[in-house]
Amino acid sequence: MSNWEVVLLEPARAMLSQVSSFLISALLVIIVLLLGWLFSKAVKTVVTKILKMAKVDEVAGRIGLDKILNKGGITYSIPDLIGGLCYWIGLLITFIVAANSIQLTIVATLLNTVVLYIPNVIAALFVLILGMFVSTLLKNIVQTTANNAGLSQGKLLAQIVETIVLVFAFLVGLE
């Protein structure tokens, strides 16, 4: 080869090699994201159907959880909420895999930290929901007992008990 062919062809080959490597990586990321999205949608559908078959809605209605969610402006049913949570967790995991496949380790580490923190958030929500249930139960018990005992401030006493239990549940949930 002549000198000028080396000067022109070597950089062109190097550039084509980098472009092909980038295109393969981009295609791999697109495939991973597409498969992860489809898998997340399937998991959401399966989880939602299983929870509906298990009649979780009826249980939530009996304990008053749906009323609490409605007060907060959440109109979805419990199976839909849990299915949606599974969907988003699946997408986060998909993003971690996609970021790892193109060596974006900082992004993957950040997303991994978020995914590992989710069980703490779920536990805190469970504590808060349980606290709301217990506070309502204790409020009704105190109010009924105070009214049966002839106390004139039974409703105020019941509100105080409910507030104390809710504050305690909130503090435990924040922990």
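In which loop is the place of Lys-55? In this predicted model, Lys-55 lies in the loop between helix H1 (3-53) and H2. Although Lys-55 is not a glycine, the residue has a positive phi of about 60°. Its relative accessibility is 46%, and Lys-55 therefore counts as partly exposed.

Several residues of helix H1 were examined alongside this loop. Leu-51 belongs to helix H1 and is buried, with a relative accessible area of 18%; the value places Leu-51 in this class because buried means under 20%. Leaving aside residues up to four places away in sequence, Leu-51 touches Val-56, Pro-79 and Ile-82. The C-alpha atoms of Leu-51 and Ile-78 are separated by 8.3 Å, with the two residues 27 residues apart along the chain. Lys-49 is likewise placed in helix H1, but this lysine is exposed, with a relative accessible area of 55%. Between Lys-49 and Thr-75, which are 26 residues apart along the chain, the C-alpha separation is 18 Å.

The count of salt bridges comes to 2. In one of them, the side chains of Asp-80 and Lys-52 meet at 3.7 Å, N to O. This pair links distant parts of the chain, Asp-80 being in helix H4 and Lys-52 in helix H1, 28 residues apart. Asp-80 counts as partly exposed at 28% relative accessibility, and Lys-52 counts as partly exposed at 44%.

A salt bridge is also formed by the side chains of Lys-139 and Glu-162, at 3.9 Å, N to O. Here too the pair links distant parts of the chain: Lys-139 is in helix H5 and Glu-162 in helix H6 (residues 154-174), 23 residues apart. Lys-139 is partly exposed, with a relative accessible area of 22%, whereas Glu-162 counts as buried at 15% relative accessibility.

Glu-162 also appears among the contacts of Ser-135, a residue that touches Glu-162, Val-165 and Leu-166 when residues up to four places away in sequence are not counted. Ser-135 is placed in helix H5 (residues 105-149). With a relative accessibility of 1%, Ser-135 counts as buried.

Nonpolar residues were considered next. In soluble globular proteins, nonpolar side chains tend to be buried together. In the present model, the largest nonpolar core has 7 residues in all, namely Leu-92, Ile-96, Ala-99, Ala-108, Leu-111, Val-115 and Ile-118. Helix H4 (78-101) and H5 are the elements that give two or more residues to this core, and the largest share, 4 residues, comes from H5. Within the core, Leu-92 touches Leu-111, Val-114, Val-115 and Ile-118, residues up to four places away in sequence not being counted.

A nonpolar patch was also identified at the surface. Val-59, Ile-63, Phe-126, Leu-130, Phe-133, Leu-137, Leu-138 and Ile-141 make this patch, which covers about 680 Å². The elements that give two or more residues to the patch are helix H2 (56-63) and H5. Its largest share, 6 residues, comes from H5. One of the patch residues, Ile-141, is found in helix H5 and is partly exposed, with a relative accessible area of 44%.

Helix H5 is thus a recurrent element in these results: the largest share of the nonpolar core and the largest share of the nonpolar patch both come from H5, and Lys-139 of this helix pairs with Glu-162 of helix H6.

Aromatic pairing was the final feature examined. The structure holds 1 aromatic pair, formed by Tyr-87 and Trp-88. The geometry of this pair is edge-to-face, with 5.3 Å centre to centre and 80° between the planes; the pair is assigned to this class because planes over 60 degrees apart count as edge-to-face. The two residues fall in separate accessibility classes: Tyr-87 counts as buried at 15% relative accessibility, whereas Trp-88 is exposed, with a relative accessible area of 54%.

How values were computed:
Residues are numbered from 1 along each chain as its sequence is written. This is a predicted model: local features need pLDDT of at least 70, side-chain atom pairs count only at pLDDT 80 or more; totals for chains, interfaces and linings use all residues. Side-chain values use heavy atoms; hydrogens and water are left out. Buried means under 20% relative accessible area, exposed over 50%, partly exposed in between (1.4 Å probe, protein chains only). Contact means heavy atoms within 4.5 Å. Patches are made of residues with over 30% relative accessible area and no salt bridge: like charges are joined within 9 Å, nonpolar side chains (Val, Leu, Ile, Met, Phe, Trp, Tyr) within 5 Å. Accessible areas come from the Shrake-Rupley method with a 1.4 Å probe; for residues, only the protein chains shown count as cover. A salt bridge is a side-chain nitrogen of Lys or Arg within 4 Å of a carboxyl oxygen of Asp or Glu. A nonpolar core is a set of buried Ala, Val, Leu, Ile, Met, Phe, Trp, Tyr and Cys residues joined through side-chain atoms within 4.5 Å. Rings of Phe, Tyr and Trp (its six-membered ring) pair if their centres lie within 6.5 Å; planes under 30 degrees apart count as stacked, over 60 as edge-to-face and the rest as tilted.
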